[in-house]
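Reader: Could you walk me through the protein shown here, one question at a time?

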Amino acid sequence: MDIAIDAGVIGLIVTIVIVFIALAVFFTFVPVALWISALAAGVRVSILTLIGMRLRRVIPSRIVNPLIKAHKAGLDVSINQLESHYLAGGNVDRVVNALIAAHRANIELSFERGAAIDLAGRDVLEAVQMSVNPKVIETPFIAGVAINGIEVKAKARITVRANLDRLVGGAGEDTIIARVGEGIVSTIGSSISHSKVLENPDLISQTVLAKGLDSGTAFEILSIDIADVDIGKNIGAELQIEQAQADKNIAQAKAEERRAMAVANEQEMVAKVQEMKAKVVEAEAEVPMAIAEALRSGNFGIMDYMNYKNIQADTLMRDSIAKSTDKPDTSQK
């Protein structure tokens, strides 16, 4: 009898445990609490839909909670749209928040456009906020050189507003800064003098703003204000100094080339003189041989030879007298 009672108690405990485990599994797999919250908020979501989300590996709270917010804000968004955006890798909560912000600000933004912006990698909520509250982008100092050669540095503040229609495929802030910098450089470069830029810095902003620099970007430029203008180096003078130094180096190189050529020519002439002297010595060495040959052949007599020697001695004496008279007289010093 006791054994039968104990078996009944054990069976009851096992049954309770099984029921408890079954309920835990059921409430884990089927988000009943989330279904009750949606039903209380006036959003009709069936239990089968929530179970289908579990089977599709979709977290139901990531879909139902944004759906409740959209319903409370008066937006017409279906659960299929939210789920498809989630499966595509988008941030459903951020898109719904952006739609609510756009709806409150009377900005026309459809769910498809918001989802496309989010999937493009941009923060759609920040874009909507920027449409309501424009953003100020500050550029670094941008240097340009006026026609008179003076460098002018300018810093600009660009007030932009997000263009929701061009957020997908539109260029970002870096493109805006690059275009504005190019406009500042070209405006300064076309100024006759740097003083003109200092006197009227608004000329830069007016010229740059008139070029339509926001074309093809995700922003709309509202204004370009010059925050600071500073004077840099005298680039024209530095370039002239460098050019003069280069011309000097070229002139020195050419002069050195001419000097080397002159030295080479001088050495060549010295070599030629030595060559001619050698030829003269060679010719003079043939004179005694010619005289001897003339004496042997009878064409040159002994008296002729003696006259030749006398003339040679007289010439040597005259040369020695001439050299002594050419020397300066230092006896009276």
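Author: Here are a few questions about overall form and salt bridges, with their answers. This is a predicted model, where local features need pLDDT of at least 70, side-chain atom pairs count only at pLDDT 80 or more, and totals for chains, interfaces and linings use all residues. Residues are numbered from 1 along each chain as its sequence is written, and side-chain values use heavy atoms, leaving out hydrogens and water.

Reader: What is the radius of gyration of the protein?

Author: That radius is taken over C-alpha atoms, and the globule rule is 2.2 Å times the number of residues to the power 0.38. For 333 residues the rule gives 20 Å, and the protein is well over this, so it is more spread out than a compact globule. The computed radius of gyration is 53 Å.

Reader: Which residue forms a salt bridge with Arg56?

Author: A salt bridge is a side-chain nitrogen of Lys or Arg within 4 Å of a carboxyl oxygen of Asp or Glu. Here the closest N and O atoms are 2.4 Å apart. The partner of Arg56 is Glu83.

Reader: Is Glu83 buried or exposed?

Author: Buried means under 20% relative accessible area, exposed over 50%, and partly exposed in between (1.4 Å probe, protein chains only). Arg56, at 43%, counts as partly exposed. Glu83 has a relative accessible area of 6%, so Glu83 is buried.

Reader: How many residues apart in sequence are Glu173 and Lys135?

Author: Their side chains meet in a salt bridge, 2.5 Å from N to O. Glu173 lies in helix α9 and Lys135 in strand β1 (helices, H or I, have at least four residues and strands, E, at least two, as DSSP runs numbered from the N terminus). The pair therefore ties together parts whose separation is 38 residues.
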